[in-house]
Amino acid sequence: MISCTLRMKYKPLFSFLIALFLTFTAYAQGGEQANVGKEGVTAGAVEAQAGGADAALASAGDALFKNNCASCHALDEEVVGPALRGITQKRPEAWLISWIRNSSKMVQSGDKEAVAIFNQYNKQQMPSFAFSDDEIKSILAYIKTAPAGGSTEGGPGAEGGAGVAQATSGDAGEVGKYLDLLLVILVVVLIVMVVTLLIIATVLKNYLNKNRQLAPEDEELVNPKADYMSVLKTPVVKGLAITIFILALLNLSWNKAMSIGIQQNYQPKQPIAFSHKLHAGDHKIDCNYCHTSVYKSKNANIPSANICMNCHSQIKKESPEIKKIYAALENNRPIQWVRIHNLPDLAYFNHSQHTKVGGVECQTCHGPIETMDVVYQYSPLTMGWCINCHRETPLNTQGNAYYDNLVKLHEGQDSKAPFTVVSNGGAECSKCHY
Ligand code: HEC
Ligand code: HEC
Ligand code: HEC
Ligand code: HEC
Ligand code: HEC
Ligand code: HEC
């Protein structure tokens, strides 16, 4: 009875509130989806499968392509393998699926087209990919629909932009997620409050109407002539709208502010498709073989083309990628590697202090480099990141006379806490700032 009257009288208000609520839940979910990183790829593919939406399919394919194919293929230019635009018209889908899954099996089986393309590319073997049909279809959908010069590997000009677009921050994403959640909770609480007030008002009104003789002026107050539009102008609704607007604005600018200057996941395309997975992973070449100064000095050097030549004067001489190294040497021009990690000038970081003295593994800061075909920035490289590790990492003071007195002093103050980098002054501003 009450809810019925309520619905009749305040229908516009209700629709407004429900619409608001739905908008905000959708908004919050949208934010979360944007925060899904590489792990989201398979989820995306599954979703695309269910919905059958072309755009979702292509965007799942976009991510798969970037992570697995872009080191060797671009859409509009030859990289290591052929340019792939138009491949879905050139070859049947079934052919493409079995090629991508295991190209060498097709070559061995004597498939004419497979043998021809294999020979054309100097018998280089494309790796096999254990993808499902749907995953491969999503890659093909991406190849079919990607715009020319588009986001992924549209050519040298597009690279910088694509890289920067990827440079989202994990930390800011986390914070953003919580803010989104907070927003939704706030909106729900506000709605519950409004509804409760309305119910109380209606119950009171019904009570007054039934049980009291009202004076005419009170009658007007309790049962005003229905004016739906005026509901929208009530202070409650206005206040609600303004509050939500301000919160949304705050959320947006907070996310923007937190991601300034943070380049986590930055993965630019390099001028030569050099793979750490192949060299440091599969062939187990020591980091130190190429980054020769990393245990000795402040900077880790990027190897010169001469170091590559130690091997590539013999290995894979005919590969188009290796020919780029020869070209660099012949023209006496260094290879223009794109720098990935870059602290601002105001901060001082020293590799040997960490790798040699501190005994910190490269992977602790740079992630699983030996599995990366294309290197990306694994850690946020923020001040908070540096100091957190300094707080948590105990110093190896064993057998080092330099530390003996310091450790004793420290144990005198607080015997339980370990002697960390911070105990040794690793949080002092001047240690990291010039
Ligand atoms: C390590 C380099 C490498 C990677 C990674 C790679 N490819 Fe290839 N791809 C090649 C090479 C080289 C060829 C040329 C044929 C040959 O030599 O085997 C080729 C050929 C192809 C062809 C046949 C083109 C034609 O004209 O018939 C397709 C299709 C293809 N690749 C798709 C893909 C897809 C999709 C991925 C990602 C899932 C991928 N490739 C990943 C190197 C690679
Ligand atoms: C065969 C030589 C070679 C080996 C071995 C090697 N690297 Fe590299 N590394 C390079 C080259 C060339 C680059 C620049 C191109 C690139 O970023 O892929 C590079 C780039 C990097 C970068 C990014 C530098 C930047 O621009 O910020 C890091 C980090 C790195 N290597 C770490 C490692 C680690 C850790 C290992 C051992 C697990 C290792 N490398 C082994 C040659 C090598
Ligand atoms: C210690 C030996 C060694 C050094 C040094 C080395 N490489 Fe390699 N590289 C290899 C081996 C082994 C392979 C794999 C060859 C194969 O797959 O048959 C390879 C493969 C490659 C490939 C893939 C070639 C293709 O077309 O399949 C590229 C590109 C490459 N190296 C670039 C470089 C660059 C750039 C440097 C210098 C920064 C470098 N390499 C230094 C041993 C080395
Ligand atoms: C404690 C964290 C940490 C460890 C451990 C570490 N790095 Fe780094 N690395 C960094 C930071 C931070 C930068 C960015 C430095 C800058 O911009 O001045 C960097 C940059 C680099 C670069 C780019 C060139 C340069 O010096 O700016 C290479 C290459 C590199 N690291 C390789 C390595 C290798 C190889 C190891 C292991 C032997 C290693 N790093 C261990 C944090 C680390
Ligand atoms: C993974 C852990 C880790 C990270 C991340 C890390 N450090 Fe360190 N840092 C250490 C350790 C361990 C030592 C102690 C080395 C020693 O003296 O034994 C150290 C020492 C230092 C020192 C010398 C402190 C002193 O008391 O002499 C400086 C300066 C420094 N780090 C700067 C940085 C900067 C800048 C960053 C961020 C870009 C950073 N560190 C990130 C582990 C880390
Ligand atoms: C362990 C190393 C370390 C210590 C200790 C440290 N910083 Fe930093 N600081 C950094 C690094 C690395 C950056 C650059 C990364 C960034 O912009 O987030 C930075 C950035 C900054 C910035 C610039 C922030 C920006 O957004 O551009 C200021 C200001 C700053 N630090 C002040 C301080 C003060 C004050 C202290 C002492 C209380 C201090 N730092 C101690 C490593 C350190």
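## Two octahedral iron sites

At 17% relative accessibility, His276 counts as buried, because the cut-off for that class is under 20% (exposed is over 50%, partly exposed lies in between; 1.4 Å probe, protein chains only). This is a predicted model, in which local features need pLDDT of at least 70 and side-chain atom pairs pLDDT 80 or more, while totals for chains, interfaces and linings use all residues. Residues are numbered from 1 along each chain as written, chains are lettered from A and ligands numbered from 1 in the order written, and side-chain values use heavy atoms, without hydrogens or water.

**The iron of ligand 2**

His276 has a metal to hold. Its NE2 atom and that of His291 coordinate the iron atom of ligand 2 at 2.0 Å. Donors here are N, O and S atoms within 2.8 Å of the metal (3.2 Å for Na, K and Ca); water is not among the atoms, so sites may look incomplete. The six donor atoms around this iron subtend angles of 86 to 179 degrees, which makes the arrangement octahedral. The rule for six donors asks for opposite donors over 155 degrees apart and all other angles between 65 and 115. Ideal octahedral angles are 90 or 180 degrees.

The pair His276 and His291 links distant parts of the chain, 15 residues apart. His276 sits in helix 15, whereas His291 lies in the loop between helix 16 (287–290) and helix 17. Helices are DSSP runs of H or I, at least four residues long, numbered from the N terminus. Unlike His276, which is buried at 17%, His291 counts as partly exposed because its relative accessibility is 22%.

Around ligand 2 stand 22 residues, each with a heavy atom within 4 Å of the ligand. The closest are His276, Cys287, Cys290, His291 and His341. By class, this shell has 13 nonpolar, seven polar and two charged residues. In that scheme Ala, Val, Leu, Ile, Met, Phe, Trp, Tyr, Cys and Pro are nonpolar, Asp, Glu, Lys and Arg are charged, and the others, Gly among them, are polar.

**The iron of ligand 3**

Which protein donors serve the iron atom of ligand 3? They are His279 (NE2) and His312 (NE2), lying 1.9 Å from the iron. This pair links distant parts of the chain too, 33 residues apart. His279 belongs to helix 15 (residues 276–282) and His312 to helix 17 (residues 305–312). The six donor atoms subtend angles of 88 to 179 degrees, which makes this arrangement octahedral. His279 and His312 are buried.

The shell around ligand 3 holds 20 residues. His279, Cys308, Cys311, His312 and Ser319 come nearest. Helix 15, helix 17 and helix 18 (320–330) each supply at least two residues of the shell. Helix 17 gives the largest share, four residues. By class, the shell divides into 13 nonpolar, five polar and two charged residues.

**N and O pairs at the ligands**

The table gives distances between N or O atoms of protein and ligand.

| Residue | Protein atom | Ligand atom | Distance |
|---|---|---|---|
| His276 | polar side-chain atom | nitrogen of ligand 2 | 2.8 Å |
| His291 | side-chain N or O | nitrogen of ligand 2 | 2.8 Å |
| Ile340 | backbone N or O | oxygen of ligand 2 | 2.8 Å |
| His279 | side-chain N or O | nitrogen of ligand 3 | 2.7 Å |
| His312 | polar side-chain atom | nitrogen of ligand 3 | 2.7 Å |
| Ser319 | polar side-chain atom | oxygen of ligand 3 | 2.6 Å |

**Aromatic pairs**

Rings of Phe, Tyr and Trp (its six-membered ring) pair when their centres lie within 6.5 Å; planes under 30 degrees apart are stacked, over 60 edge-to-face, the rest tilted. The count comes to four aromatic pairs. One of them is Phe65 and Tyr142, a tilted pair with 5.4 Å centre to centre and 45 degrees between the planes. Phe65 in helix 4 (residues 54–68) and Tyr142 in helix 9 (residues 133–145) are 77 residues apart, and the pair links distant parts of the chain. Phe65 and Tyr142 are buried.

Phe129 and Phe131 form a stacked pair, with 5.5 Å between centres and 15 degrees between planes. Phe129 is buried because its relative accessible area is 14%. Phe131 also counts as buried, at 14% relative accessibility.

**A serine in helix 7**

Ser104 is found in helix 7 (residues 103–108). At 18% relative accessibility, Ser104 counts as buried. Its side chain meets that of Asn102 in a polar contact of 3.1 Å. Such a contact is a pair of N or O atoms within 3.5 Å; within protein, one must be able to donate a hydrogen and the other to accept it, and residues adjacent in sequence count only if both atoms are side-chain atoms.

Terms used: Four donors count as tetrahedral if all angles lie between 85 and 135 degrees; four count as square planar and six as octahedral if opposite donors are over 155 degrees apart and all others between 65 and 115; anything else is irregular.
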